[in-house]
Amino acid sequence: MEIKNLSKYSNAEKIVLAEQLWDSVSKEDLEVSDDVKRELDVRIQNLEEGKTELYTWDEVKAHLRSIR
């Protein structure tokens, strides 16, 4: 599938289009593999057990800027 001439639309129109596309995707149609489910379970368990280090968005941006 190819969408042509997106440049003729305003940013607001593109956002509306993106929202309509997103809303048209049924959550029931999305499949998550067993591997992904297991990884998510591990991450949730680590979070609940305090084994995960959390960062604010400002900390992440500062780190990314420092490694450029």
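**Exercise 1. Is Arg38 buried, exposed or partly exposed?**

*Solution.* Start with the ground rules. This is a predicted model: local features need pLDDT of at least 70, side-chain atom pairs count only at pLDDT 80 or more, and totals for chains, interfaces and linings use all residues. Residues are numbered from 1 along each chain as its sequence is written, and side-chain values use heavy atoms, without hydrogens and water.

Step 1. Learn the classes: buried means under 20% relative accessible area, exposed means over 50%, and partly exposed lies in between (1.4 Å probe, protein chains only).

Step 2. Apply them. Arg38 has a relative accessibility of 48%, so Arg38 counts as partly exposed.

**Exercise 2. Find the salt bridge partner of Arg38 and place the pair in the fold.**

*Solution.* Step 1. Use the rule: a side-chain nitrogen of Lys or Arg lies within 4 Å of a carboxyl oxygen of Asp or Glu.

Step 2. Arg38 pairs with Asp35, and their closest N and O atoms are 2.3 Å apart.

Step 3. Both residues lie in helix 2, three residues apart, about one turn of the helix. Helices here are DSSP runs (H or I, at least four residues), strands likewise (E, at least two), all numbered from the N terminus.

Step 4. Check the partner. Asp35 has a relative accessible area of 53%, so Asp35 is exposed.

**Exercise 3. Look for further salt bridges and describe them.**

*Solution.* Step 1. The whole structure holds four salt bridges.

Step 2. One of them joins Arg43 to Glu39, with the closest N and O atoms 2.8 Å apart. These two residues are separated by about one helical turn because they sit four residues apart in helix 2. Arg43 is exposed at 54%, while Glu39 is partly exposed at 37%.

Step 3. Another joins Glu49 to Lys51, with the closest N and O atoms 2.9 Å apart. Glu49 is partly exposed at 42%. Lys51 is exposed at 59%.

**Exercise 4. Compare the span of helix 2 with the expected span.**

*Solution.* Step 1. The expected span is 1.5 Å times one less than the number of residues.

Step 2. Helix 2 covers residues 34-48, which is 15 residues. The expected value is 21 Å.

Step 3. From first C-alpha to last, helix 2 reaches 21 Å, close to that expectation.

Step 4. Look past its end. Just after helix 2, Gly50 takes a positive phi of about 75°.

**Exercise 5. Identify the residues of the nonpolar surface patch.**

*Solution.* Step 1. Know the rule. Patches use residues with over 30% relative accessible area and no salt bridge; like charges are joined within 9 Å, nonpolar side chains (Val, Leu, Ile, Met, Phe, Trp, Tyr) within 5 Å.

Step 2. Met1, Ile3, Leu6, Tyr9, Leu17 and Leu21 make a patch of about 640 Å². Areas come from the Shrake-Rupley method with a 1.4 Å probe; for residues, only the protein chains shown count as cover.

Step 3. Inspect one member. Leu6 is found in the segment before helix 1 (11-24). Leu6 is partly exposed at 34%.

**Exercise 6. Describe the overall form of the chain.**

*Solution.* Step 1. Count elements: three helices and zero strands. Along the sequence the pattern is α-α-α.

Step 2. Test the spread. The radius of gyration is 19 Å, well over the 11 Å that the globule rule gives for 68 residues, so the chain is more spread out than a compact globule. The radius is taken over C-alpha atoms, and the rule is 2.2 Å times the number of residues to the power 0.38.

Step 3. Check burial. Of the 68 residues, 0% count as buried.
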